[in-house]
Amino acid sequence: MVNHPNRNKKAERYVLVTTEHRGVFAGYASDTDGDIVKLRQARNCIYWSAALKGFLGLATVGPDKDCKIGPAADIELRKITAVAAVTPEAQAMWEAAPWAG
């Protein structure tokens, strides 16, 4: 199966990505090993509540009702500082998160 078209494709996974400029994003990525991470259906966390106990709370429990989460878009991120796996529960919260006003 050397010539199969999907042979070299990596599976997408839902990840949290942070940048040097304090950006915090979550979305689907198939490759997180380089200087640029492409995210599909990425959402930006503008503000997270203290109840999450830091940005990694966004990866483990997801945004709560007090967070400010922007709309989804396909993006490329540069100057990556961290890539964290997102739990299925947190992913559901990211995908359902409304803008808290």
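This tour moves through the structure one selection at a time.

**The whole chain.** The model on display is a predicted one. Begin with the protein chain in a cartoon view, where two helices and six strands can be found. Followed from the N terminus, these elements run β-β-β-α-β-β-β-α. Of the 101 residues in the chain, 37% are buried. With a surface display switched on, the chain exposes about 6500 Å², and carbon and sulfur atoms supply 54% of that area. Among contacts between residues at least 6 apart in sequence, 61% join residues at least 24 apart.

**Tyrosine 14 and tyrosine 28.** Next, select these two side chains, which form the one aromatic pair counted here. How far apart are the ring centres of tyrosine 14 and tyrosine 28? The centres lie 4.9 Å apart and the planes meet at 80°, so the pair is edge-to-face. Tyrosine 14 belongs to strand S1 (residues 13–19) and tyrosine 28 to strand S2 (residues 24–29), so the pair ties together parts 14 residues apart in sequence. Is tyrosine 14 buried or exposed? Tyrosine 14 is buried, since its relative accessible area of 6% is under the 20% cut-off.

**Arginine 40.** Keep tyrosine 28 visible and add arginine 40, whose charged end sits over the tyrosine 28 ring, 4.6 Å from its centre. Then add glutamate 12: its side chain meets that of arginine 40 in a salt bridge (2.8 Å, N to O). Arginine 40 lies in strand S3 (residues 36–47) and glutamate 12 in the segment before S1, so this bridge ties together parts 28 residues apart in sequence. Both partners are partly exposed, arginine 40 at 35% relative accessibility and glutamate 12 at 39%.

**A network of charges.** The structure holds four salt bridges. Select Lys38, Glu76 and Arg78, which are linked in a network of such bridges. Lysine 38 and glutamate 76 meet at 3.8 Å, N to O. Lysine 38 lies in strand S3 and glutamate 76 in strand S5 (residues 73–78), so this pair ties together parts 38 residues apart in sequence. Glutamate 76 also meets arginine 78, at 3.2 Å, N to O. Lysine 38 is exposed at 53%, whereas glutamate 76 is partly exposed at 39% and arginine 78 is partly exposed at 47%.

**A nonpolar patch.** Finally, select Ile46, Tyr47 and Trp99, which form a nonpolar patch on the surface with about 350 Å² of accessible area together. Tryptophan 99 is found in the segment after helix H2 (88–96) and is partly exposed, with a relative accessible area of 49%.

Conventions:
Residues are numbered from 1 along each chain as its sequence is written. This is a predicted model: local features need pLDDT of at least 70, side-chain atom pairs count only at pLDDT 80 or more; totals for chains, interfaces and linings use all residues. Side-chain values use heavy atoms; hydrogens and water are left out. Patches are made of residues with over 30% relative accessible area and no salt bridge: like charges are joined within 9 Å, nonpolar side chains (Val, Leu, Ile, Met, Phe, Trp, Tyr) within 5 Å. Accessible areas come from the Shrake-Rupley method with a 1.4 Å probe; for residues, only the protein chains shown count as cover. Helices (H or I, at least four residues) and strands (E, at least two) are DSSP runs, numbered from the N terminus. Buried means under 20% relative accessible area, exposed over 50%, partly exposed in between (1.4 Å probe, protein chains only). Contact means heavy atoms within 4.5 Å. Rings of Phe, Tyr and Trp (its six-membered ring) pair if their centres lie within 6.5 Å; planes under 30 degrees apart count as stacked, over 60 as edge-to-face and the rest as tilted. A charge sits over a ring if NZ of Lys or CZ of Arg is within 6 Å of the ring centre and within 35 degrees of the ring normal.
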